[in-house]
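This report introduces a structure to a reader who has not met it before. The sequence and the model are shown first.

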Protein chains: 2
Amino acid sequence: MSELKNDLLLKALRGEAVKRPPVWMMRQAGRYLPEYMQLRAKYDFFTRVETPELACEITLQPIDIVGSDAAIIFSDILVIPQALGVEVLMEEGKGPLLPKTIQTQEHIDNLKTEGAAERLDYVSKAIALTKRELNGRVPLIGFAGAPFTILCYMVEGKGSKTFDKAKQFCFTQPHLAHQLLQKITDATIDYLKAQVAAGADCVQVFDSWSGMLSPVDFNVFALPYLKQISDALAPLCPVILFPKGSWYALANISNTAASAVGIDWTVTPEFARAQTKNNITIQGNFDPIKLLLPIPEIKKLVKEMIDAFGAQRYIVNLGHGILPHIPVDHAKAFIDAVKEYHNE
Amino acid sequence: MSELKNDLLLKALRGEAVKRPPVWMMRQAGRYLPEYMQLRAKYDFFTRVETPELACEITLQPIDIVGSDAAIIFSDILVIPQALGVEVLMEEGKGPLLPKTIQTQEHIDNLKTEGAAERLDYVSKAIALTKRELNGRVPLIGFAGAPFTILCYMVEGKGSKTFDKAKQFCFTQPHLAHQLLQKITDATIDYLKAQVAAGADCVQVFDSWSGMLSPVDFNVFALPYLKQISDALAPLCPVILFPKGSWYALANISNTAASAVGIDWTVTPEFARAQTKNNITIQGNFDPIKLLLPIPEIKKLVKEMIDAFGAQRYIVNLGHGILPHIPVDHAKAFIDAVKEYHNE
């Protein structure tokens with residue numbers, strides 16, 4: 001492996017001094033890029049995910065085109081249910097569908113836990129290939145869905161505004177929910193370890209639906225599993241947790257083994273810093289819709305955001321994935337604004 | 001008008017001492033009630049809303065069946081776009097559709113602001129009839145959607161997880177957004193005043209989508225209009241604001257003329273009380289999914305919730321509308337638990 005030429009992300013994660021914060025964007029390898037759309041027109045979703053050469057090519061696109069300070073491997077959080085033997089259908093532009101949802105003890109017993117991470121070997125191959133192609137330009141982020149969010153899809157069977165069925169399952173059958181969460185957690189830890197072994201420099205865990213939980217329920221159904229993952233991975237590489245919508249959990253998250261926490265735009269820099277007491281690096285939180293503003297306004301807002309968070313222990317990012325209709329030059333302006341940042 | 005036999009809600013709103021807090025449920029006149037489903041099978045949505053006798057009958061159902069301490073007039077927040085001349089289609093179980101969305105200055109200029117509130121005269125009639133039928137048993141709550149939330153539907157044209165188009169409209173064309181928000185606000189104030197004149201004892205303003213905004217944007221696109229409504233209505237009756245998901249706005253909301261603020265279950269009692277400094281009554285925040293728990297557990301959780309919020313300056317409610325698949329006896333247990341509350 002070649003040494004990293006740009007290690008801003010890792011420095012920020014380790015709490016080391018940086019001359020400016022690093023920047024990347026959630027879903028930066030995505031539909032706003034014409035180059036991605038060309039591959040999307042030719043190969044279906046899981047072909048793109050499961051073919052290391054395609055996943056690598058897609059992962060590199062934003063590094064070449066908009067110049068992010070980190071790459072994140074192109075994949076999907078629902079590969080874990082697949083690895084556990086659950087069918088996942090992905091209709092382009094429609095979101096996922098899991099025809100056979102998890103409802104009973106038998107369903108949980110029948111999950112194929114043995115060798116689950118090994119069945120995701122194509123992700124390790126994609127990571128190894130991407131590391132080679134990156135040739136040390138920027139770090140590579142591995143990722144997985146958080147156990148509660150994966151449970152949401154496995155029980156609900158599809159996306160939802162409120163994941164009522166998944167929450168009903170947790171609240172009315174907590175014994176089953178914890179069994180399922182533990183199986184997901186075990187597979188996820190193995191899977192993330194394999195990503196690190198293949199070359200991932202750090203990992204992010206996406207708890208996209210934890211914000212549907214009350215603080216009490218977050219501490220029961222989300223936090224313990226995020227902790228297990230952080231404890232298992234932190235000795236190997238920095239861990240970023242992104243419990244979207246769980247603003248109330250920042251203090252607890254800052255006391256895990258994770259190196260950083262992602263926040264959305266409802267959280268002010270002041271609140272985030274006060275809750276986390278500089279125990280942890282903060283990542284976020286530009287509202288992706290604001291990338292539709294004129295470029296000078298984007299640049300002004302980014303500068304103000306960095307001033308407010310402070311340039312240290314901070315990773316510039318969006319508060320949610322970039323949207324398909326963002327012009328590429330606006331995305332690039334977001335990145336450029338960070339690279340031009342200096343605070344005198 | 002007969003005097004109120006149960007004025008717990010109004011006392012809690014005025015900050016007066018109560019022996020126990022009042023309780024009602026958002027969407028308490030709704031699909032979990034078989035009696036409602038019978039009317040739903042016979043009359044389409046807007047027939048139910050626009051026929052005072054039907055709206056009255058539906059409004060009274062939860063008072064008779066589960067015994068809430070307040071009635072809330074059966075209607076819909078999207079009557080305001082209708083009154084402004086915008087077509088609203090409501091396909092049963094599918095959510096609203098506004099085929100002609102607001103996008104341009106011309107669209108805003110063409111809104112039928114003149115006489116908008118008068119076109120909602122059927123709501124006043126329903127309120128007057130319901131007050132008569134209630135005969136002082138419990139107070140009657142009037143309501144409207146908050147301007148930002150109404151803008152969301154008028155610009156987006158339908159429900160959405162993120163209301164990207166509506167936010168894009170606000171951020172990229174703020175001048176148009178403020179014109180639209182002001183027209184909605186003016187109509188809403190007239191409409192709520194008419195509800196009070198017809199007999200509503202207090203009003204609630206639902207900002208169902210304000211939580212999509214950052215604190216800065218909330219202060220630009222939501223709060224000023226909530227303030228205008230509170231200022232206009234507070235001299236006439238207590239106002240409850242429910243900016244769903246805007247946990248960060250509690251301190252600002254507590255400094256408006258409103259008497260109460262609704263919160264969802266992500267907000268702890270401690271956080272809500274600390275932010276609002278007892279300036280305002282708190283309403284909420286039981287997770288509706290938890291009404292699927294066994295009845296003894298529901299009762300235990302309700303008792304704990306009241307203990308945590310405190311019985312004074314508190315209105316027991318859900319953190320969001322009751323769900324269609326909640327058993328009626330579970331909803332009733334929620335209400336009963338409050339009535340049985342005593343804290344020694």
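The sections below describe a predicted model, beginning with a sheet and ending with a contact between chains.

## The sheet of chain A

Chain A holds an open sheet of seven strands, paired in parallel, in the order β1-β4-β5-β6-β7-β8-β9. At its edges stand β1 (71–72) and β9 of chain A; each has a single partner strand, so one side of each lacks a neighbour in the sheet.

Helix α7 (residues 121–134) of chain A packs on this sheet, where it touches β1 and β4 (140–145) of chain A. The direction of α7(A) makes about 155° with that of β4(A).

Within the sheet, strands β5 (residues 202–207) and β6 (residues 239–243) of chain A are parallel and share five bridges. Val203(A) has Val239(A) in β6(A) as its bridge partner.

## The edge strand β9

Strand β8 (residues 281–286) of chain A runs parallel to β9(A), and five bridges join the two. Opposite Leu318(A) of β9(A) stands Phe286(A). Together with helix α15 (residues 295–309) of chain A, β8(A) and β9(A) make a right-handed β-α-β unit.

Is β9(A) enclosed or open to its surroundings? Five of the five residues of this strand (residues 314–318) are buried, so the rest of the structure largely encloses it. In a regular strand, side chains alternate between the two faces of the sheet. In β9(A), Tyr314(A), Val316(A) and Leu318(A) are buried on one side, and Ile315(A) and Asn317(A) are buried on the other.

## Contact between the chains

In chain B, 20 residues are in contact with 20 residues of chain A. Helix α9 (residues 164–172) of chain B supplies the largest share of chain B's side, five residues. By class, that side has nine nonpolar, six polar and five charged residues.

Note on methods. Residues numbered from 1 in each chain as written. Chains lettered and ligands numbered in written order. Predicted model: local features only at pLDDT ≥ 70, side-chain atom pairs only at ≥ 80, totals over all residues. Contact = placed C-beta atoms within 7 Å. Helix = DSSP H or I, 4+ residues; strand = E, 2+ residues; numbered from the N terminus. Nonpolar A, V, L, I, M, F, W, Y, C, P; charged D, E, K, R; others polar. Buried ≥ 20, exposed ≤ 12 C-beta atoms within 10 Å, placed from the backbone. Pairing = 2+ DSSP bridges. Right-handed = clockwise from strand over helix to strand, strands pointing away. Axes fitted to C-alpha atoms, helices over the stretch in contact; angles between N-to-C directions.
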